[in-house]
Amino acid sequence: MRKELDVITYEVIKNSLVSCCHEGSTMLEKIAFHPVIGMGRDRTTSLVDREGNLICHGHTDPGAHYPTTELGTKEVLKDIPVSSMKPGDGYITNDSLRMGTHVNEIRLTWPIFYKGEVRCFALVIVHWPDVGGPMPGTFNPRAKSSYAEGIRIPPIKIIENNEIIEPLKNLISLNVRTPVVRWCDFSAQIHVAHMMNDRMIELFDKYGVETIEAAKEQMWDYSEATVRSMVSEWPDGEYYFEDFGDEDAASKEHLPIAVRCTMTVKGDNLTFDWSASDPQPVGSWGASHPTTTAGNFVGLMYCFPGLFPLNHGIIRAVNIITKPGTCMNVLEPAGTTGYCSGAMDKAEAVTCGCCAQPLSQVLPHRIYPGSVALNNLTLGGVNPKSGRDFVDYIFRVGGGMARSFKDGQDFFIFRFAPFTYTVPMELEERWFPIIYEGYEARPDTMGHGKFRGGCGVRTVVRMRGEGEVTIHGDREKFGPHGLGGGTNGGAAHLKLNVGTPQERNLGISATGEPLGDGDRIFFESGGGGAYGDRLERDPQAVVEDVMDRYCTLECARDIYGVSIKIVDEEALDYQIDWEETKKLRAELAKKPLPEGTGPQEVHPLGKKIKAIREMSVEEALSDCVLVRPPGW
Amino acid sequence: MAKYIVGCDIGGTFTDLFAIDLDTKEQRIAKVLSTPPEYTNGVVNGLNKLGISPSDVAGFKHGATISTNAVLQRRGAKTGLILTEGFKGLFVGGRSERMGAFELNWDPPPFLVLPRDTFGARERISPEGEVLTPLNEEDVRYAARCFKKRGMQAIAVCYMDSYMNPVHELRTKEILQQECPDMFITISYEVLPRMLEFERTSTTVLNAYLGPVMYNYIDNLQKQLREWGYNGEIVITHSAGGTMSIDEALKLPARTTHSSPVSGVVGLAGYIGELTGFNNVIAFESGGTTNDVSVIHQGKPTITMEWRILWNVPYCMPSIETVYIGAGGGSIAWLDTAKEIKVGPQSQGADPGPACFGHGGTEATNTDAQLILGRLNAKYFLGGELPLYPELAEKAIKEKIADPFGWSVEQAADAIYRVAIANLSTALRLQTVTRGWDVRDFALVAYGGSSPMFAVDLAKELNIPTTVIPPLPGYASAVGATRLDMRHDLTAPLHKTESELDFNELNNTLDELEKKGKAILEKEGMAQKDMTFQRFADVKYFNQSRTFHVDIPAGRVTDLKTITDSFLKEMKREYGYILPTGYVEVELVDLGVTAIGAVRKPELAKIIRKETLKEALKEKRQVYFHESGGFTEAAIYDRSKLPVNAAFDGPAVVEQPDTTTVMPPGSTGVIDDYGNLVIRIK
């Protein structure tokens, strides 16, 4: 019989557990060496119980990571029984086909002993900027197998009696670039594991093992009950949605890759079945099963923002089915470095599309179109200044999704990693032989609707030496979906020397494209999906967009049917010709925008999903739940 | 004969004044209601309440906190922005980080300048400082024309890589001064000649946005003080824990943001640490809505180059690092959708305030919980000036927290309190333990209206052995201001690695900065003998993103050993590792000089008390302590009567008009020679 805790003790312990992870994540971003951890915040700390069930994770961790910590740890425990563990031992792995995400994620599993027994694990994940393989930075869009990515490390003891096992370290060092700095990052991981170890011992001392265990169970029960009670309010039924990857870049045919999901709601049971998705692609695009669950949980949690952080209670309340051998459950020897812009991004978007169907009937302010995806761009070469190899990893923001009651945000960070900072351009210019020439919103690239999506962003980089460019991207051919008749977001591109005779579209899976000194790269992120009919958009909002250069006069006229006369641009005197607008809109009503899954087309499934009623901004925001770390 | 130094701090609700006689150490205090939107009336009301005559005032040190409010309430100047053509996204783009993980309906607050008022000028400086594209002056003139037509009051200019060469910004300023002579113009190089385009732009915009506000305010203040009869010197406190003349404040109005908590940290907490024998101090200030935490190590407060006024509004001039925690006396206790108790970050603020104020507040706050738990005296809040209504606190807690759980009101109040403590301890831990400080070597100096209620419990939670409550905890910023030196932080970019470094350039830059600092201090009337110049560098490994602040000893620098050693020591402490020698070069990013003009600082007088402990005992009251399992009898003392060096044990509550100190069982307190309440945990 489990101990029942009073709500206060429970709340305080729960806070302490969450704080332990938050402290770990904060410490990690401060003391890890590479900026992708400090600024990109590409790291996660979780507490996992001795069965491998997720207790909690850090607040500012990326959503791609933590849903995989439960299944990942269970895999570790299959190879390394708890009974074989000793205090001062630590285990490393990056086997993404079993653990989820990609090989760059180095996972340190640290058993926490109390009174001679393993009570739980600290799991400290850091994105190593390189784990070897043919491509600097390890991302390889043309990889036909994991052998063409980086070193794979099964769950293995790397720390014994608090000492790193040297031969193993040497083996890994030989297989990765810049190993010295990688071990600095790993040292940060160990440091954080020790801190979490100490913090947990303090908690066990203070409350006792039984009480902590009880709090954990109570936390899970509570989360599960909440998910189930909310799901039980959703209308029963089967809800289908789909999305597509641009192409299987490593295959001969370069065909699109379909991700399909049927969500079933029955009473308080929620099932996502991804089995009908396309077969495993040749190239590195797909997701291992844990990764699919990550995309699925991230998409689902947008419906339950108050339940953050994720835990085992939420995980066990949801049934996720994938079919081995499909793109949502890739098998040996699939590459995984493209999971994030590829399969996981689609899993997240499709989950949103599925959930929006019942939610449009019960919580109409919580239905979301698709949003800008992460596109990983790497520039590599030899820095003429230092004579050394360099790798610059660039990610950019883009258009956020519209809401059913207001516009999407411009300059929006990809949804699954909301705490990521963009890296300062001037810092990159110091480090690498590049100079930035532009960073601006791309007008007219938003999804068009009553509430528009955010605009894509154009970043222009000029090379100051020779090099090459690789991008692991997606969404040039298929835009993030719109809802309720709003269009999909605009396309992402990677282009070279725009506006010159040498202009070339490199494509969103360009691999190792050579660059000469002075070449200009145009890295263009996509727009966000829109909500509602564009002809219902408030003309005043269109004028504001024109003033702010998010929308051109032509787009205002041809898409939104708003005729704007610029009386004095300098004085910002813009006027709407209401007569003309009425006429334009009447004409446009006869010419609906094309339907399809491409950029700025009206999504055939999405257009049927409409909020049962339109909330005012005030009403919608009165239910805004910002779960922040304690004391934030 | 003028003899008083007056410190003044304007808060959202109250304006605090503190006057101290430099010779006799006699002190006077006044707390009056703030008078928005002008605020200066409140200052004069306070001066009158102090009961000193204008001719007795030798110096007036003022915290112009109006600037922070202007940002929060969006009451700054209508501001236009000029950026390098092609980069119009860099200001509104920010750093893009979001606040909630899964709340997609939240958007960041709007920026201080709209995209439509952002203009591009064709120009480009390389990261090495060469001119790649000359400035297109027509672009600047076009922007100027638009600004005039649109009725702008201020203009900010920030070009890419301009920290390496300000030539285009300087020329732009010239043109704008001709074209828009009435507008307040700020170029980034004069505010923050540092790398990081967004942070530099944000700071520049902030300076422009606040310029006209500060100008009006100071103009008003000078007039009012003159009318009151004071014609002497007015100095303004700033974010680096010093003061500056009005001339400087008008050039760098952004520097006044954040000055209020900083004055308390530097002028008060640091000083109290010294008096009580603690070189290492955690300063913990808590008012109605916020807590601010700062760390002073070896007598030096931690400096930061980034402090956020709002989400996505960084301010990056050197500041004393204070970390804001959204949990104060007014923080609201609420149940989330999962029926779990949260405290803050929403706050009731001053109006309507906690339910027990009886001003119409219906939410259960920290203060309400404290009242229910018997820790606050309903009849002695603000020395009895503000009666508290326990029945209203009870009602709020019952409805919002107790009833949903079927608890008693006391249980619910205890729950609120324990959740608040858990939040605070996490925040405090993040600033200390997580960053490599061993808190057992620190004293927690707690001040502000509400922190002494939490301080000892918090110290217990974090294993900090000693807590000190200074004599006037409710006047921290005003008291602190009186002890601040004139201070100017000047920086210049260097961006040279060990092998690129030219020692002549390094020394010349430092000399140049020192000369500039000296000129400012001279203009402010400081004597040579009172000036000191601390040289420093911001240092990192070349491929690292974060820098470390390292002091450089006076005199010519001929090798880098001292600098790199200090850097590596700091890095080792915080990171737990350093790179192997020779692996990556160390880079000197920026050079700086802190120019200090020392002023005569008022000292706290030693106190003599005739009363005995027994006489200081006001009553015995039932107070709720979690460690005692509920209500237990506690001694209630009157702080003003507590005898010097006579120890007394918790459970106890020490009352004084500006705050209430709660001592849980297992703690021992004593009043030291200067009137500090020093509490140790057994």
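Biologist: Where in chain B is Ser628(B) placed?

Modeller: This is a predicted model, so every answer here is computed from it. With a relative accessible area of 35%, Ser628(B) is partly exposed. As for its place, Ser628(B) belongs to the loop between β29 (617-625) and β30 (630-638) of chain B.

Biologist: How many Å separate the C-alpha atoms of Ser628(B) and Pro651(B)?

Modeller: Along the chain, Ser628(B) and Pro651(B) are 23 residues apart. In space, their C-alpha atoms are separated by 9.4 Å.

Biologist: Thanks! Is Leu642(B) buried or exposed?

Modeller: Let's begin with where Leu642(B) is: the loop between β30 and β31 (648-649) of chain B. Leaving aside neighbours within four places in sequence, Leu642(B) is in contact with several residues, including Leu613(B), Phe648(B), Val654(B) and Ile671(B). The cut-off for buried is under 20% relative accessible area. Leu642(B) has 0% relative accessibility, so Leu642(B) counts as buried.

Biologist: Which residue, 31 places from Leu642(B) along the chain, has its C-alpha atom 6.8 Å away?

Modeller: Two residues can be far apart in number while we still ask about their separation in space. Here the C-alpha atoms are separated by 6.8 Å, and the partner of Leu642(B) is Glu611(B).

Biologist: How many disulfides does a search of the whole structure find?

Modeller: A disulfide is a covalent bond between the sulfur atoms of two cysteines. Take Cys120(A): the closest cysteine sulfur, in Cys20(A), is 8.0 Å away, which is too far for a bond. Cys455(A) is in no disulfide either, with the nearest cysteine sulfur, that of Cys551(A), 8.0 Å away. Over all chains, the number of disulfides found is 0.

Biologist: Are Cys120(A) and Cys455(A) buried or exposed?

Modeller: We can look at the accessibility of each one in turn. Cys120(A) has 2% relative accessibility, so Cys120(A) counts as buried. Cys455(A) has 1% relative accessibility, so Cys455(A) also counts as buried.

Biologist: Which residues touch the most other members of the largest nonpolar core?

Modeller: That core has 195 residues. Its largest share, 13 residues, comes from helix α7 (residues 197-228) of chain B. The residues that touch the most other members are Trp234(A) and Leu379(A).

Biologist: What is Leu379(A) in contact with, leaving aside its neighbours within four places in sequence?

Modeller: The list mixes several kinds of residue. Asp392(A) and Glu468(A) are among them. Others on the list include Phe390(A), Val391(A), Ile394(A), Ile434(A), Val461(A), Met463(A), Val469(A), Leu515(A) and Ile521(A).

Biologist: Which element gives the most to the lining of the second largest pocket?

Modeller: This pocket has a volume of about 1,400 Å³. Of its 47 lining residues, the closest to the centre are Asp389(A), Phe390(A), Val391(A), Phe432(A) and Asn543(B). By class, the lining has 19 nonpolar, 13 polar and 15 charged residues. With 5 residues, the element that gives the most is β13(A).

Biologist: Now the cavities. How many residues line the second largest cavity?

Modeller: In this model the count comes to 14 cavities of 30 Å³ or more. About 200 Å³ of space lies in the second largest cavity. Nearest its centre are Asp42(A), Cys340(A), Leu374(A), Tyr393(A) and Phe416(A). The number of residues lining the second largest cavity is 22.

Biologist: Which residue is joined to Phe308(A) by a cis peptide bond?

Modeller: The omega of this bond is about 0°. The partner lies in the loop between α8 (289-301) and α9 (312-316) of chain A. That residue is Pro309(A).

Biologist: And which residue is joined to Glu332(A) by a cis peptide bond?

Modeller: Again, omega is about 0°. The partner is found in the loop between β11 (318-321) and α10 (340-362) of chain A. The residue is Pro333(A).

Biologist: What is the phi of Arg475(A), which is not a glycine?

Modeller: Arg475(A) sits in the loop between β16 (467-472) and β17 (493-496) of chain A. Its relative accessible area is 4%, so Arg475(A) is buried. The phi of Arg475(A) is positive, at about 75°.

Methods. Residues are numbered from 1 along each chain as its sequence is written. Chains are lettered from A and ligands numbered from 1 in the order in which they are written. This is a predicted model: local features need pLDDT of at least 70, side-chain atom pairs count only at pLDDT 80 or more; totals for chains, interfaces and linings use all residues. Side-chain values use heavy atoms; hydrogens and water are left out. A disulfide is a pair of cysteine sulfur atoms within 2.5 Å. Buried means under 20% relative accessible area, exposed over 50%, partly exposed in between (1.4 Å probe, protein chains only). A nonpolar core is a set of buried Ala, Val, Leu, Ile, Met, Phe, Trp, Tyr and Cys residues joined through side-chain atoms within 4.5 Å. Helices (H or I, at least four residues) and strands (E, at least two) are DSSP runs, numbered from the N terminus. Contact means heavy atoms within 4.5 Å. On a 1 Å grid over the protein atoms alone, a cavity is a set of points where a 1.4 Å probe fits but cannot get out, and a pocket is an open set with protein on both sides within 12 Å along at least five of seven lines; lining residues have an atom within 4 Å of a point. Grid points are joined across faces, edges and corners, and a volume is the space filled by probe spheres set on the points. Ala, Val, Leu, Ile, Met, Phe, Trp, Tyr, Cys and Pro count as nonpolar, Asp, Glu, Lys and Arg as charged, and the others, Gly among them, as polar.
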